[in-house]
Amino acid sequence: MKRKPKLKILIDGVSAEFRQKILWRRWKFQFTSDMPPDVDGLCDLNLDGRPRVDKTVRVRSGLEGEYFLDCVCHEFLHAAFPFLNEEHVEQAATDLAQLICRREVLEPLLSCWGVQKIARAVIGQWERDLITMKPHTPALAMDLTEGGGEADDTTAEA
Ligand SMILES: [Zn+2]
């Protein structure tokens, strides 16, 4: 997936690697800074569309928000449907990321205890990083110092 230049990219984020099943096949997912320039996602496919033996999806670490989700969905769709053309993969991934980021979808998702447990762990790590001034969470650092993390959404109810 080619980088969309106007979107915000954090400096090098945390690398991660895990296995994920996609249509009954186990794929390796890597969130890594080891990516070609101007590429934010890669799916390990042969030119004939069949997955290669090591079946790896790579997404640039440090991406965030809806664009990060867009990249993950994009590479997932390539892995799941290798013969789907780039235009359809791109549009479906963008639409899916947008759908998942809607409040109507996020709210029930975040109300799940398991998801809240992960969110608390992540926020706890951000707070520890903020105290030790680790550089990979600049957006949060700015948010906490300038407004205590309060939403500045003017449409919020008082
Ligand atoms: Zn693509």
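Two residues are taken to be in contact when their C-beta atoms, placed from the backbone, lie within 7 Å. By this criterion, and leaving aside residues up to four places away in sequence, C71 in this predicted model touches M1, D40, G41, V59 and L63.

C71 is also a good place to enter the interior. The largest nonpolar core holds 17 residues, and C71 is among those that touch the most other members, together with V57, V59, L63, F68, V72 and A79. Four elements each supply at least two residues of this core: the strands β2 (25-32) and β4 (56-60), and the helices α1 (65-80) and α2 (86-100). The largest share, seven residues, comes from α1. As a general backdrop, nonpolar side chains in soluble globular proteins tend to be buried together.

Strand β1 (residues 16-22) offers a contrasting picture. The number of buried residues among its seven is zero, so the strand lies largely in the open. Its partner is β2, to which β1 is joined by seven bridges in an antiparallel arrangement. Within this pairing, K21 stands opposite R26 of β2. The two strands form a hairpin with two residues between them, and L23 in the turn adopts a positive phi of about 45 degrees.

Helix α4 (residues 113-132) is likewise hardly covered, with a count of zero buried residues among its 20. Its length can be checked simply: at 1.5 Å a residue, the 20 residues should span 28 Å, and the end C-alpha atoms are 29 Å apart, which agrees. Just after α4, M133 takes a positive phi of about 55 degrees.

Definitions and conventions: Residues numbered from 1 in each chain as written. Predicted model: local features only at pLDDT ≥ 70, side-chain atom pairs only at ≥ 80, totals over all residues. Core = buried A, V, L, I, M, F, W, Y, C linked by C-beta atoms within 7 Å. Buried ≥ 20, exposed ≤ 12 C-beta atoms within 10 Å, placed from the backbone. Pairing = 2+ DSSP bridges. Expected span 1.5 Å × (residues − 1).
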